[in-house]
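Here is a briefing on the open and enclosed spaces in one model, and on what occupies them. Keep the structure in view while you read.

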Amino acid sequence: MPKPTHIAIIMDGNGRWAKARGLPRVAGHRAGVEALRQAVRNAGDFGIPFLTVYAFSSENWSRPASEVSDLMGLLRLFIRRDLAELHHNGVKVRAIGDRVGLEPDIRAMIEEAENLTAGNTAMTLVIAFNYGGRDEIARAAKKIASAAEKGLLSPDAVTPDAFGAFLDTGGIPDPDLVIRTSGEQRLSNFMLWQAAYSEFVFLPCYWPDFGREHLSEAIDTFMGRERRYGGVAARDAAS
Ligand code: IPE
Ligand code: IPE
Ligand code: MG
């Protein structure tokens with residue numbers, strides 16, 4: 001199996017990392033941003049064309065207001081501090097998730113990051129922010145229904161490929177490998193459509209501890225897997 005083209009990461013365990021050190025949860029989120037910076041650099045070094053990170057889910061609004069505000073603040077800080085370097089390194093930034101529910105200044109920052117880096121080709125960093133798989137699918141269905149209502153789209157044209165193009169990830173290949181840290185083994189509403197045939201690697205380490213070796217080992221694990229997409233293994237096809 002060749003290297004994955006697209007790796008998607010559910011960055012989980014910041015709170016538990018902090019708790020284990022007797023620190024407030026926000027300290028875990030801050031350490032998580034540092035791990036994210038390194039993950040982007042490492043994915044670039046390993047020649048991974050697409051990296052998606054799950055940074056804030058559509059369900060994370062149910063956390064205490066102070067934690068939500070800390071997470072919003074960290075996204076602002078990340079874009080402010082890292083955008084120039086990402087751009088310098090040829091990283092194209094894209095965001096997926098519902099922007100309508102975000103503060104206007106965050107929306108503007110996301111748009112600025114996307115516009116500035118739109119022409120970059122070294123690597124694509126997809127930030128899933130205020131993202132939920134079901135919400136994304138419902139918003140895509142809404143766009144399709146409205147196009148059909150206007151007579152711009154025939155119901156017969158709604159194939160899986162056509163549907164996929166209406167998702168926030170339109171134009172981005174499906175993730176080959178989904179990594180989740182912190183020992184939890186669930187999707188938590190992440191890429192429900194796109195992960196149909198992804199390989200999964202669950203790691204016990206908390207996100208702030210995720211380093212170059214973890215990424216490299218996850219890639220090796222992926223390369224040792226066999227993907228069949230409902231078919232039979234190539235070596236068994238003739239027998
Ligand atoms: C992941 O860490 C970051 C976000 C969900 C924003 P958590 O905050 O979920 O950390 P745990 O799972 O409580 O340890
Ligand atoms: C998933 O982690 C969301 C992100 C990593 C942004 P959660 O910590 O929110 O997921 P649950 O609540 O454990 O399922
Ligand atoms: Mg969590």
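**Ligands, pocket and cavity**

The shell around ligand 2 holds 5 nonpolar, 2 polar and 4 charged residues. Ligand 2 sits in the largest pocket. The largest pocket is also the space taken by ligand 1. The model is predicted. The points below take ligand 2, ligand 1, the pocket and then the cavity.

**Ligand 2: the shell**

- Eleven names need not be hunted for; the residues around ligand 2 are Ile10, Met11, Asp12, Tyr54, Ala55, Phe56, Asn60, Arg63, Arg180, Arg186 and Ser188.
- Strand 2, residues 50–57, gives the largest share of this shell, with 3 residues.
- By class, the shell around ligand 2 has 5 nonpolar residues and 4 charged ones, and the other 2 are polar.

**Ligand 2: polar contacts and cover**

- Ser188 has a side-chain N or O atom 2.6 Å from an oxygen atom of ligand 2.
- Arg186 places an N or O atom of its side chain 2.8 Å from an oxygen atom of ligand 2.
- For Arg180, the distance from a polar side-chain atom to an oxygen atom of ligand 2 is 3.3 Å.
- On its own, ligand 2 has 390 Å² of accessible area, and the protein covers 77% of it.

**Ligand 1: polar contacts and cover**

- There are 13 residues around ligand 1.
- The nearest of them are Asp12, Gly15, Arg16, Arg25 and Arg63.
- Arg16 has a side-chain N or O atom 2.7 Å from an oxygen atom of ligand 1.
- Arg63 has a polar side-chain atom 2.7 Å from an oxygen atom of ligand 1.
- Asp12 has a polar side-chain atom 2.9 Å from an oxygen atom of ligand 1.
- Ligand 1 exposes 380 Å² when taken alone, and the protein buries 87% of that.

**Ligand 1: the shell**

- Ligand 1 occupies the largest pocket.
- Helix 1, helix 2 and helix 3 are the elements that each give two or more residues to the shell around ligand 1.
- Helix 1 gives the largest share of that shell, 3 residues.
- The shell around ligand 1 divides into 5 charged, 5 polar and 3 nonpolar residues.
- Asp12 and Arg63 are among the residues around ligand 2, and both are also among the nearest residues around ligand 1.

**The largest pocket**

- The space in the largest pocket comes to about 640 Å³.
- Its lining has 29 residues.
- Nearest the centre of the pocket lie Met11, Asn14, Tyr54, Ala55 and Asn60.
- Two or more lining residues come from each of helix 1 (14–20), helix 2 (25–45), strand 2, helix 3 (65–88) and strand 4 (123–131).
- The pocket lining has 15 nonpolar, 8 polar and 6 charged residues.
- Met11, Tyr54, Ala55 and Asn60 lie nearest the pocket centre together with Asn14, and these four are also listed around ligand 2.

**The cavity**

- How many cavities of 30 Å³ or more are there? The count comes to 1.
- The volume of the largest cavity is about 100 Å³.
- Its lining has 14 residues, and Ile79, Val93, Ile110, Ala113 and Ile127 lie nearest its centre.
- Helix 3, strand 3 (91–96), helix 4 (104–117) and strand 4 each give two or more residues to the lining of the largest cavity.
- Helix 3 supplies the largest share of that lining, with 6 residues.
- Which classes make up the lining of the largest cavity? The lining has 11 nonpolar residues, 3 charged residues and no polar ones.
- Helix 3 and strand 4 serve the cavity lining, and both also give residues to the lining of the largest pocket.

Key:
Residues numbered from 1 in each chain as written. Chains lettered and ligands numbered in written order. Predicted model: local features only at pLDDT ≥ 70, side-chain atom pairs only at ≥ 80, totals over all residues. Heavy atoms only, no water. Near = heavy atom within 4 Å. Polar contact = N/O pair within 3.5 Å; in protein donor to acceptor, adjacent residues only side chain to side chain. Areas by Shrake-Rupley, 256 points an atom, 1.4 Å probe, with all protein chains shown as cover. 1 Å grid on protein atoms, 1.4 Å probe; cavity = no way out; pocket = protein on both sides within 12 Å on 5 of 7 lines; lining within 4 Å. Sits in = over half its atoms within 2 Å of the grid points. Helix = DSSP H or I, 4+ residues; strand = E, 2+ residues; numbered from the N terminus. Nonpolar A, V, L, I, M, F, W, Y, C, P; charged D, E, K, R; others polar. Points joined across faces, edges and corners; volume = space filled by probe spheres on them.
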